[in-house]
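Thank you for letting me take a few minutes of the meeting. I would like to walk you through one structure, beginning with an enclosed space and then moving on to some charged pairs.

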Amino acid sequence: MAVKTLEQTTNEILGLAAEHFRVPREQLAAGDDFYKKLKIDSLQALELLTRLENHFGVELPDYEVAGVTDFRTLAGRIQARL
Amino acid sequence: MTGHQGKSISWQMKDGVLELALHRAPCNEVGTAMLEELEGFITALSAAEGNASALIIYSQRPAGFSSGADLRELYAGALLKTAAERTTLVRAFLERTHHVLNVLDSSPLTTIAAVHGVTFGGGFELALACDLIVADKMSRFCFPELRLGLIPGFGGIPRLKRDLGNAMVRDLLLTGRSINASKALAAGLVSQVTGEGEALRVARSVAAQVGKFDRMASAAAKRFLKPIPREELRREISLFCELFMRPAVMEGLRRFVESTDTHPYLP
């Protein structure tokens, strides 16, 4: 399987976030603060983390994503584990 | 026994399977009120032993199985007390909680935790007292106690050590990180991972299966496979109390209670 680019990973995250948090995909951008844009709290952020782990088949330890608030940086963390 | 409807928990018996539902908002925090109801439940559990083959514990709260001990209540109860008074208070609470979990752990029934979402701290420890954990794919397991300057206090370390390899035990405890259901399955912590919203249905299927077997044989197998680590459990209470005396713990609890952080549940 071909290695995903950062852009592909970011787009998949945006699609997944849009679908599960019911936000139109076109309203989400890579640099957005996902807490603000998705209007999610810490428990929902944990749910997003679990969905991403399940979707990409990776482990994302909390301490590696602590402080991450935008989709692009999150994609970078995932990319490092693909 | 047919059933009971409480404020934090409810239970009912159906077709030889006892089902215990946790439903205290927001996410089944274990405080004194829930503990009192759990104490009532274990009395009912003992009375039901002749009529039931399995027990399922599940949550009716959307956020998850349980986020663990009620830290807000713990902090409020400990405020304005001396270190010695705080320790006496917490030791009494832990002794009672351990009694409940030890009865559950050693019940002759086959016990199944059907978990989803947040399964943290004391909630994780409740699941660990069960024989089998059936986990929704969106479950998350974590021991965040070290961030408060504590260790798990409801029997988490001895039961984890009993069930898992040391590398995983150390990873969970020392990093305080959370793991998902797939990781928990790979580690041997859970027996099955289900689709979203399917954990209770699968747990009922497991309960129906275990109900086919001779109860005496199942109970004997359980005693053989799952000894209660009593000495370590006692030591855990002492170590928890020793750590709880420190001012740093009250400061950690205060930070948690007063936090407006967006990640209060994350280590």
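**A cavity and its lining**

Around the second largest cavity, the lining is made up of Val30(B), Leu38(B), Thr97(B), Val100(B), Leu101(B), Gly122(B), Leu126(B) and Phe154(B). Two elements of chain B, α3 and α4 (121-128), each give two or more residues to this lining, and α3(B) supplies the largest share, namely three residues. Helices here are DSSP runs of H or I with at least four residues, strands are runs of E with at least two, and both are numbered from the N terminus.

Before going further, I should say that this is a predicted model, in which local features need pLDDT of at least 70 and side-chain atom pairs count only at pLDDT 80 or more, while totals for chains, interfaces and linings use all residues. Residues are numbered from 1 along each chain as its sequence is written, chains are lettered from A and ligands numbered from 1 in the order in which they are written, and side-chain values use heavy atoms, with hydrogens and water left out.

A cavity is a set of points, on a 1 Å grid over the protein atoms alone, where a 1.4 Å probe fits but cannot get out, and a lining residue has an atom within 4 Å of a point. Grid points are joined across faces, edges and corners, and the volume is the space filled by probe spheres set on them. There are three cavities of 30 Å³ or more, and the second largest holds about 60 Å³.

What kinds of residues form the lining of the second largest cavity? Six are nonpolar, two are polar and none is charged, where nonpolar covers Ala, Val, Leu, Ile, Met, Phe, Trp, Tyr, Cys and Pro, charged covers Asp, Glu, Lys and Arg, and the others, Gly among them, are polar.

**Salt bridges**

Over all chains there are 25 salt bridges, each being a side-chain nitrogen of Lys or Arg within 4 Å of a carboxyl oxygen of Asp or Glu. One of them joins Arg91(B) to Glu95(B) at 3.7 Å, N to O, and these two residues lie four apart in helix α3 (residues 83-106) of chain B, about one turn of the helix.

Is the pair Arg177(B) and Asp171(B), whose salt bridge spans 2.7 Å from N to O, buried or exposed? Both are buried, that is, under 20% relative accessible area, with exposed being over 50% and partly exposed in between (1.4 Å probe, protein chains only).

Conventions
On a 1 Å grid over the protein atoms alone, a cavity is a set of points where a 1.4 Å probe fits but cannot get out, and a pocket is an open set with protein on both sides within 12 Å along at least five of seven lines; lining residues have an atom within 4 Å of a point.
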